[in-house]
Amino acid sequence: MRKPKVIRIIFALSLGCFVMVIVYFNSNLKPARRTAEWPEVRRSPLQALYDSDQVESAVQALHQSRRELLEEGCRSYTRKRRVLIPEDLKHIIVDDQHGLLYCYVPKVACTNWKRVLMVLTGMAGSQRDPLAIPANEAHVSGNLRTLSEYTTSQINQRLRSYLKFLFVREPFERLVSAYRNKFTRSYNTAFHKRYGTKIEFVYYLVDPATQREEPFNEHWERVHSLCHPCLIHYDVVGKYETLEQDSRYVLQLAGVEQEVSFPTSSKSTRTTGDMAAQFFQNISPFYQKKLYNLYRMDFLLFNYSIPEYLKFT
């Protein structure tokens, strides 16, 4: 008489276990509802960089070549590595929302890149047009966070997992662009009073005592001293000469090319190689060579040739 009861108990337990298994599998097969605490997972720009189906192979190949040339230059021309300090990171802007680190270089479209990052980080409010942001507002300290503001562990985590990029320019075109902007514009009289005429400016730059007294102004500081490309592995090295293409590439990697566009340049006053040649025309070969030696690392690391207009070669 007890046997049927035992069988019923075993049957009930088996049925209960079966139901629990069904419920378990159903709960795991159903897509979970996304919440604010569990945002939708999106691929990072760094992951997109190495995903070959996201961008044209020719563009990828170009940027891979630039990375390799930079790494080779660092191996060839730097004697020893050192540890990064917070001072090294003051020019690296952080976009935590999209996983981007941008080292800004004055006179290499940095105003427009800061505008774009203000849009992406929400610092521009509902404004989606970068050019609607006044240039002076783009340079206000505090609008965008820099990597130097984070803790050591936060810095290391971002350097490992964020897409790191910078934009460079032919060194002497950048230098002449800075000179024209700071010394030939009526609104920059303070620069003219401090640094004087063109020739005096050249003397100031090449004088060894200058950098012992104070660091160079960021507008003519060397890129390798601003962004430390031999200490930080940059994933994208954009160039001013291919600005629009390279900017589009970065925004594509970040997955935001539909949200914001990099402003196209319509300036007819931008500094060219011919303008740089004219600047150097009345500078003696002796000082031309000193200027080249001062900016030599930027020429070598970023694969720029010695300008043909220089007379010391």
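**Figure 1. Aromatic pairs, starting with Tyr-102 and Trp-113.** A search of the whole structure, which is a predicted model, turns up 19 aromatic pairs. One of them brings together Tyr-102 and Trp-113, whose ring centres sit 5.7 Å apart with 35 degrees between the planes, a tilted arrangement. The two rings come from distant parts of the chain: Tyr-102 belongs to strand β2 (residues 100-103) and Trp-113 to helix α4 (residues 110-121), 11 residues apart. Are these two residues buried or exposed? Both Tyr-102 and Trp-113 are buried.

**Figure 2. Tyr-292 and Phe-312, a pair involving helix α14.** Here the rings of Tyr-292 and Phe-312 are tilted too, at 5.8 Å centre to centre and 45 degrees between the planes. Tyr-292 is in helix α14 (residues 285-301) while Phe-312 is in the segment after α14, so this pair ties together parts lying 20 residues apart in sequence. Tyr-292 has a relative accessible area of 9%, so it counts as buried. Phe-312, on the other hand, comes in at 24% relative accessibility, which makes it partly exposed.

**Figure 3. The aromatic cluster around Tyr-292 and Phe-312.** Pull back a little and Tyr-292 and Phe-312 turn out to be members of one aromatic cluster. The other members are Phe-172, Tyr-179, Phe-201, Trp-220, Phe-279, Phe-280, Tyr-295, Phe-299 and Tyr-309.

**Figure 4. Helix α7 against helix α14.** Helix α7 (residues 171-183) packs on α14 at an angle of about 120 degrees, and the axes are 9 Å apart. The two helices are therefore oblique to each other. Which residues make the contact? On the α7 side they are Pro-171, Phe-172 and Leu-175; α14 contributes Leu-291, Tyr-292, Tyr-295, Asp-298 and Phe-299. Of these, Phe-172, Tyr-292, Tyr-295 and Phe-299 also belong to the aromatic cluster of Figure 3.

**Figure 5. Helix α3 against helix α14.** Another partner of α14 is helix α3 (residues 57-77): the two axes come within 8 Å and cross at roughly 135 degrees. That crossing angle makes α3 oblique to α14. From α3, look for Leu-69, Leu-70, Gly-73, Cys-74 and Tyr-77. They meet Arg-296, Met-297, Leu-300 and Leu-301 of α14.

**Figure 6. Charged side chains over rings.** Two spots show a charge over an aromatic face. Lys-114 lies over the face of Tyr-104, at 3.8 Å from the ring centre. In the other spot, Arg-145 sits over the face of Tyr-150, and the distance to the ring centre is 4.1 Å.

**Figure 7. Met-123 in its loop.** Met-123 has its place in the loop between α4 and α5 (135-138). Its relative accessibility is 40%, so it counts as partly exposed. Setting aside residues up to four places away in sequence, Met-123 touches Met-118 and Asn-143. Ala-138 is 15 residues away from Met-123 in sequence, and the C-alpha to C-alpha distance is 9.8 Å.

**Figure 8. The whole chain, for orientation.** Behind the close-ups is a chain with 14 helices and 4 strands. Of its 313 residues, 44% count as buried. Among contacts between residues at least 6 apart in sequence, 72% join residues at least 24 apart. The chain exposes about 18,300 Å², with carbon and sulfur atoms supplying 53% of that area.

Key: Residues numbered from 1 in each chain as written. Predicted model: local features only at pLDDT ≥ 70, side-chain atom pairs only at ≥ 80, totals over all residues. Heavy atoms only, no water. Buried < 20%, exposed > 50% of the residue type's maximum accessible area, 1.4 Å probe, protein only. Contact = heavy atoms within 4.5 Å. Areas by Shrake-Rupley, 256 points an atom, 1.4 Å probe, with all protein chains shown as cover. Phe/Tyr/Trp six-rings, centres within 6.5 Å; stacked < 30°, edge-to-face > 60°. Lys NZ or Arg CZ within 6 Å of the ring centre and 35° of its normal. Axes fitted to C-alpha atoms, helices over the stretch in contact; angles between N-to-C directions. Parallel < 35°, antiparallel > 145°, perpendicular 65-115°, else oblique.
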